[in-house]
Amino acid sequence: MFVLIAAAGLGLLTLLVIVFAPNIRKYAAGGVCKSAARLDGKTVLITGANTGIGKETALDLAVRGARVIMACRDVEKGEEAAASIRASYSQAQVEVRELDLADTCSIRAFAQQFLREVNHLHILINNAGVMMCPYTKTIDGFEMHIGVNHLGHFLLTSLLIGLLKRSAPARIVVVSSLAHNFGWIRFHDLHSQGSYNSGLAYCQSKLANVLFARELARRLKGTSVTVNSVHPGTVNSDLTRHSTLMTIFFTVFSMFLKTPREGAQTTIYCAVAEELHSISGKHFSDCTPAFVAPQGRSEETARRLWDVSCELLAIEWD
């Protein structure tokens with residue numbers, strides 16, 4: 001009897017999903033960037049642009065006329081992504097450069113070459129990231145999530161901030177996550193040496209993204225360089241590759257998840273929307289302002305994280 005009831009329930013659920021599939025997909029897709037803004041003559045730098053929302057963002061901005069520089073750890077995959085973009089839009093100005101955010105030497109070498117060869121930078125999109133990976137350290141000994149998702153982008157931005165100011169008006173978009181709501185900056189154990197949980201480490205790094213964006217925006221007031229963070233949504237991408245459970249979950253419930261193109265919409269919105277030309281220090285989701293957790297609004301935490309980040313990276317950035 002129980003088996004029959006369970007089978008009937010499953011059948012009913014399946015039927016409901018089929019019937020309401022179009023509505024489910026429309027809801028899951030979320031907000032869409034409706035701006036028709038052109039980016040002719042503009043230069044864009046996107047980290048992690050070889051896959052997922054980074055690649056979709058690169059395609060969209062290239063179609064708008066921008067010169068898009070795709071900063072990727074795996075150059076071969078980056079070139080494949082660039083070729084795919086050119087196949088979709090033959091006039092795309094896309095180029096691939098090597099950047100490993102888990103290695104400060106790679107970041108410095110990238111920035112040094114970039115500053116030699118690129119005269120302007122109008123949009124910087126800090127998109128690359130890792131999620132729920134096993135406990136590993138970067139080349140410099142940082143826990144991988146905080147090292148790549150926060151410290152790597154912190155250093156990269158510090159090295160390029162002068163060029164952004166000289167290219168103003170300019171924008172910086174920091175890809176964070178709803179997961180920041182569940183994060184805390186563990187200053188006593190930032191690199192999870194005492195205990196490690198991949199989910200909590202990811203949440204901490206995403207909170208760091210929000211705090212960085214808000215603090216940087218405060219420091220850039222009056223420069224015509226804006227900074228905003230975004231939650232792209234729950235996107236069906238390879239970001240979950242380190243978690244078998246998450247991969248299975250995303251596969252089973254793919255209908256309820258955003259595609260990479262849908263997930264890129266808020267990033268694109270913050271990069272191009274005319275109405276955001278002077279908006280800075282905000283957080284967006286589905287192309288609208290979004291809630292920021294109390295720990296993400298703490299100016300004291302943001303400033304302390306800034307100082308700690310500078311100390312860890314051995315840089316001065318006032």
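This report covers strand E1, its residue Val 44 and the second largest pocket of a predicted model.

## Strand E1

Strand E1 spans residues 43–47 and is mostly covered. Five of its five residues are buried. The cover extends to both faces of E1. On one side sit Thr 43, Leu 45 and Thr 47, all buried. On the other side, Val 44 and Ile 46 are buried too.

## Strand pairing

E1 is joined to strand E2, residues 67–72, by five bridges. E1 and E2 run parallel. Within E2, Arg 67 is the bridge partner of Thr 43. Between E1 and E2 the chain passes through helix H3, residues 52–63. The resulting β-α-β crossover is right-handed.

E1 also pairs with strand E4, residues 123–126. Three bridges join E1 and E4, and these strands run parallel. In E4, Ile 123 stands opposite Val 44.

## Val 44

Val 44 belongs to strand E1. Is Val 44 buried or exposed? Its relative accessibility is 0%, so Val 44 counts as buried; the cut-off for buried is under 20%.

Which residues does Val 44 touch, leaving aside neighbours within four places in sequence? The contacts are Leu 61, Ala 66, Arg 67, Val 68, Ile 69, Leu 121, Ile 123 and Ile 125. Ile 123, one of these contacts, is also the residue opposite Val 44 in E4. Arg 67, another of the contacts, is the bridge partner of Thr 43 in E2.

One C-alpha separation can be added. Val 44 and Ala 58 lie 14 residues apart along the chain, and their C-alpha atoms are separated by 8.5 Å.

## The second largest pocket

Rolling a probe the size of a water molecule over the atoms shows where empty space is left. The second largest pocket has a volume of about 480 Å³. Its lining comprises 26 residues. Of these, Ala 217, Arg 218, Lys 221, Ser 280 and Gly 281 are the closest to the pocket centre.

Three elements give two or more residues to this lining: helix H7 (198–219), strand E6 (225–231) and helix H11 (299–313). Which element gives the most to the lining? Helix H7 does, with five residues.

How does the lining divide by class? The second largest pocket is lined by nine nonpolar, ten polar and seven charged residues.

Technical notes: Residues numbered from 1 in each chain as written. Predicted model: local features only at pLDDT ≥ 70, side-chain atom pairs only at ≥ 80, totals over all residues. Heavy atoms only, no water. Buried < 20%, exposed > 50% of the residue type's maximum accessible area, 1.4 Å probe, protein only. Helix = DSSP H or I, 4+ residues; strand = E, 2+ residues; numbered from the N terminus. Pairing = 2+ DSSP bridges. Right-handed = clockwise from strand over helix to strand, strands pointing away. 1 Å grid on protein atoms, 1.4 Å probe; cavity = no way out; pocket = protein on both sides within 12 Å on 5 of 7 lines; lining within 4 Å. Points joined across faces, edges and corners; volume = space filled by probe spheres on them. Nonpolar A, V, L, I, M, F, W, Y, C, P; charged D, E, K, R; others polar. Contact = heavy atoms within 4.5 Å.
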